[in-house]
Amino acid sequence: MTADPDPEPPEGWDRYARRKQAGFEYQLEETRLLAVKLAEAMQGGPLEQVPVWHLGFVLEWRAENLPPGTAANDRAWAVRHGWTEAFWSESGWLHPLSYLDEVTLQANRDAWREDAGLPPGAAEAWPC
């Protein structure tokens, strides 16, 4: 028995393929722009253009790979956001990346929900 063929999309296969390629090209460009910003920051460049979801990763990488003064400067820069103060322990050590990601997610919960397409009132427990 042969499987049913995929149903043709309402816009037809050519328009479907064109839309998929445009989406692919857009995502490719976005990924490349992100890579450039992360690479700049990981070489000691400014943190201002690091997307919020990657801030903890970049701060951890810089603390582990750049001179110690960079970590102190990074902390002074980051705590201006208020919620990022939780990235560091009382003794001044940067928490592990999993904790930084959790702090970021909780502090930016509404943005995550919007990105995920969750309307107000739906799946209120997420992100957990």
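This report describes the nonpolar core, a buried arginine and two backbone features of a predicted model.

## Basis of the values

Residues are numbered from 1 along each chain as its sequence is written, and side-chain values use heavy atoms, with hydrogens and water left out. In this predicted model, local features need pLDDT of at least 70 and side-chain atom pairs count only at pLDDT 80 or more, while totals for chains, interfaces and linings use all residues.

## Nonpolar core

The largest nonpolar core (buried Ala, Val, Leu, Ile, Met, Phe, Trp, Tyr and Cys residues joined through side-chain atoms within 4.5 Å) has 14 residues. Those with the most contacts inside this core are Leu47, Val50, Leu55, Val58, Leu59 and Phe87. Two or more residues come from each of helix 1 (13-42), helix 2 (55-65), helix 3 (68-78) and helix 4 (97-107); helices are DSSP runs of H or I with at least four residues, numbered from the N terminus.

Not counting residues up to four places away in sequence, Val58 touches Leu38, Ala41, Met42, Leu47 and Val50 (contact means heavy atoms within 4.5 Å).

## Arginine 109

Arginine 109, in helix 5 (residues 109-116), is buried (under 20% relative accessible area, with a 1.4 Å probe and protein chains only). Arginine 109 has no salt bridge (a side-chain nitrogen of Lys or Arg within 4 Å of a carboxyl oxygen of Asp or Glu). The nearest side chain of opposite charge, glutamate 124, is 4.1 Å away, whereas the side chain of arginine 109 reaches the backbone oxygen of glutamate 124 at 2.2 Å.

## Backbone after helix 5

Arginine 109 also touches Trp126 and Pro127, among others. The peptide bond joining these two residues is cis, with omega near -5°. Alanine 123, likewise in the segment after helix 5, has a positive phi near 45°. Most residues other than glycine have a negative phi, and most peptide bonds are trans.

Conventions. Buried means under 20% relative accessible area, exposed over 50%, partly exposed in between (1.4 Å probe, protein chains only). Lys and Arg count as positive and Asp and Glu as negative; His and the chain ends are not counted. A polar contact is a pair of N or O atoms within 3.5 Å; within protein, one must be able to donate a hydrogen and the other to accept it, and residues adjacent in sequence count only if both atoms are side-chain atoms.
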